[in-house]
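Q: Please take a close look at one part of this model for me: the main nonpolar core and the strands around it. I'd like the cut-offs spelled out as you go.

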Amino acid sequence: MKLQAEVNGDKHEVEFVRNEGVVVATVDGRTYQIDASEPESSVFLLKIENAVNEATVSESAGNAFRVRLGTDEFDIKITDPKRLRGSAGSDGAGDDASEIKTAMPGKVVRIIATPGTEVKKGEPVIVVEAMKMQNEMKSPKDGVIKEIRFAEGATVNSGDILAVIE
């Protein structure tokens, strides 16, 4: 999956591929093999070559994250260029239905809002685990959950529609 990451204002092209328990990450053309584990929620151990690094990740607004790696802290915003193409001109505030889509392959680990539930913009709807990281997928607008398309435990692919909000 190809993404764009903005780290403290600097933009980078990033691609992740999971290969037999190892994540192969390409950042600006340089490739890294990473053995990643999550010993506790939001804490990740990243083994790159012979070095082990601990990263603590906390979610900010939207697709932004605060990452602490050792004594350094970074603000990272993740953008999926495919999603940008499909949402041009839409702020999620109209009368039309909005969809929550996955950014990368993973597994549905929790459904927070069921069909018929009223949600506000930014409220969590469904949780997907991808690359050993749990991501709360949030409502893009105020509305009512029309449908949830996957059950807990289901495997999802990049771009799958998880939920529809009207």
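A: Here's a walk through that core, the sheet that goes with this part, and how far to trust the model.

This is a predicted model, where local features need pLDDT of at least 70 and side-chain atom pairs count only at pLDDT 80 or more, while totals for chains, interfaces and linings use all residues. Residues are numbered from 1 along each chain as its sequence is written, and side-chain values use heavy atoms, with hydrogens and water left out.

Confidence first: pLDDT (the predictor's confidence in each residue, from 0 to 100) averages 82 over the protein chain, and 87% of the residues score at least 70. The weak patch is residues 84-94, where pLDDT stays under 50 and the model has eight contacts beyond four places in sequence; contact here means heavy atoms within 4.5 Å. Where pLDDT is low, don't read the predicted coordinates in detail.

Now the core itself. A nonpolar core is a set of buried Ala, Val, Leu, Ile, Met, Phe, Trp, Tyr and Cys residues joined through side-chain atoms within 4.5 Å, and buried means under 20% relative accessible area, with exposed over 50% and partly exposed in between (1.4 Å probe, protein chains only). The largest one has 14 residues, and those with the most contacts inside it are Ile 100, Val 125, Ile 126, Ile 145 and Leu 162. Strands β12 (124-130), β14 (143-148) and β16 (161-165) each put in at least two residues; strands are DSSP E runs of at least two residues, numbered from the N terminus. Apart from this core there's another, of eight residues, including Phe 44 and Val 67.

Ile 100 is a handy place to zoom in: beyond its neighbours within four places in sequence, its contacts include Val 125, Met 137, Pro 140, Ile 161, Leu 162 and Ile 165.

β12 also belongs to an open four-stranded sheet, ordered β13-β12-β10-β15 with antiparallel pairing; two strands pair if DSSP finds at least two bridges between them. Its edges are β13 (133-138) and β15 (155-156), each pairing on one side only. Two bridges join β10 (residues 106-111) to β15, and Gly 106 has Val 156 as its bridge partner there.

On the other edge, Asn 135 sits in β13. Asn 135 counts as buried because its relative accessible area is 19%. Leaving out residues up to four places away in sequence, Asn 135 touches Ile 126, Val 127, Val 128 and Ala 130. A polar atom of the Asn 135 side chain also lies 3.5 Å from the backbone oxygen of Met 133.

Definitions and conventions: Polar contact = N/O pair within 3.5 Å; in protein donor to acceptor, adjacent residues only side chain to side chain.
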